[in-house]
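Thanks for coming. I have one structure to go through today, and I will keep it short. Please have a look at it first.

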Amino acid sequence: MFSNMQVDPRRGMGRNKLDRCIQVAASLIAGGVLMLRPSPAAAVPIFAERYGFSCSACHTAVPELNAFGNAFRRAGYQLPSAPRHKEFPIALRFQESYMKDLSPSQTRRFNALAILISTANFGPKNEFSYFARYLFGSQGAPGSLYYGYLQHVAPQSGVYERAGLFNLPLIANATQRLDTFTTQPAYAYTVGHNSATFANPRFGAMFGQQSDRLDAHIGLSLDEYHGAAYGAPTPPSDLIQTFAEPEVFASLTARVVENLSVGALRLSGNRTFRSQSNGSVFSDRYYRDGIQAGWMSSRFDFVGQQVWGRDTNADGFGTPITSSGGFVTFKYRPTAHTYVGVRYDAVANPYATRDWDFYGVFPPSTRSRFLVEYLRPINQPGTHTQLNMQLLFALPEQNWVK
Amino acid sequence: MATSVVVGESITKYGQMSSSFGMVGGFNPTIVIVAHGTTIQFHNEDSFNHTASGIPSGAFPGGNPIPSTALSPSQTSDVSQVGWSSGVLTGGAFSKTFSTSAVGQYLFGCFYHYPTMRGVVIVQ
């Protein structure tokens, strides 16, 4: 279903035009609403609508979740003891980004992205839910389904079963609730031809438990997301990459003392690469092992992760390649809805890169955030600093379903 | 000597019930009936933030009536005074002690989780 595909360029252009039109329309509508109706709402207004909450019930600065928002998410987006109100199961998130400093492969300083979110709970006790996130495309890329899964969550225990297209559960958000502009390189680095990263959503099944004390997950993936996600489309490649066997993801994180969690994770799989030009085939068995720790409170977050990787044949010539990636983030919230942070990144795949990422966020309104990020590479000749900004907001406003 | 009552706050533990004031829930007890002069303290039994904040109305409004000033502890410590609030109670925290100086019915709720979390203090 999500295998590598050759896209008909005519269809791709048509879809791009359609997505662009939707983006422009969404931005005009959203901008107008933002200017005219500065009333409270939420990043996923569906949930706010359902329970009559304001955005601050679940979020610090949207889309970052506070402790209650995380508990609500762990419980499968439901509060069994709370009365439900009318809701419309569709919401829209829109983000406009500005990059002052472009890399040689980038051409656009301003990039818009509209994201459609749909979710609903169903079943006898509302313990079943679906969650879908469709990206309308950014930087000229076509739109794509980014998440689309069904799940069952027992709200008291946090035991869940999930199937479809989902993200890998990590100690720090890699994409959808990313607190910066750029994804942690430790979650996004590739090795040779192998594009196995932690940031890419997977297609498969996942089981586990999420509670205040313990996060345990095990997942089997048959494929992964192949769209352009939040950035430009990937350059065309001669190699078609498929899963030779199900990829296994496992992680365990336990709260050892108040506010402090420690854990470990493993990702292992085997991918096959086939050349479209000459038909040659090779496979790469790969492993990613990591440790993680986080000190999280209402004012301060201190999160670190280190991953070590091993690929048996990522270059197609039988050369074993080791890799590593890690980050340490310190974040401070001077108020309940603002934060400033600094992140140190280091990756060796096997080429070493390191950077400092300084960032700050404040909310122009309760359903939006404005982010400024300054990314400074460390001792990397030929690279440059990056200044990025992003305005993000969610629609519709709260209590619009009567 | 005045008696004291501790009211638990939890959106996950304490469900909804109908009352003559409308739906109430999220507190234990949700309808707090006390004798004049009793002191009241609120205890956040969840792992995330709540408040216990007065609602200056005779009936529960549809929209959230609790202002953001309720996120700071109020100067007044009397539930019969307009604007009383515990301020933000982090997970497991206890509020300051509130007095009940006047007989009456006083609506209250959580700033974050109104209308799911709301209750009534009845001072007799």
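I will take a sheet in chain B first, then the contact between chain B and chain A.

Keep in mind that this is a predicted model.

So, the sheet. In chain B there is an open sheet of 3 strands, in the order 4-1-6, and the pairing is mixed. Which strands stand at the edges? They are strand 4, residues 27–28, and strand 6, residues 39–44, of chain B. Each has a single partner strand, so one side of each is left without a neighbour in the sheet. Strand 1 of chain B covers residues 4–9, and strand 1 pairs with strand 4 of chain B in the antiparallel sense, over 2 bridges. If you want a residue to look at there, take Gly8(B): its bridge partner in strand 4 of chain B is Asn28(B).

Now the contact between the chains. Chain B puts in 13 residues and chain A puts in 14 residues. How much area is buried between chain B and chain A? About 1,200 Å², with carbon and sulfur atoms giving 61% of that. On the chain B side, the residues that lose the most area to chain A are Phe48(B), Tyr112(B) and Thr116(B); together they make up 35% of what that side buries.

What about charge and polar pairs? Between chain B and chain A the count of salt bridges is 0. For polar contact, the count is 1 residue pair, with both residues at pLDDT 80 or more. By class, the side of chain B that touches chain A has 7 nonpolar residues, 6 polar residues and no charged residues.

That is what I have.

Terms used. Residues numbered from 1 in each chain as written. Chains lettered and ligands numbered in written order. Predicted model: local features only at pLDDT ≥ 70, side-chain atom pairs only at ≥ 80, totals over all residues. Heavy atoms only, no water. Pairing = 2+ DSSP bridges. Helix = DSSP H or I, 4+ residues; strand = E, 2+ residues; numbered from the N terminus. Contact = heavy atoms within 4.5 Å. Buried area = accessible area lost by both parts, 1.4 Å probe. Salt bridge = Lys/Arg side-chain N within 4 Å of Asp/Glu carboxyl O. Polar contact = N/O pair within 3.5 Å; in protein donor to acceptor, adjacent residues only side chain to side chain. Nonpolar A, V, L, I, M, F, W, Y, C, P; charged D, E, K, R; others polar.
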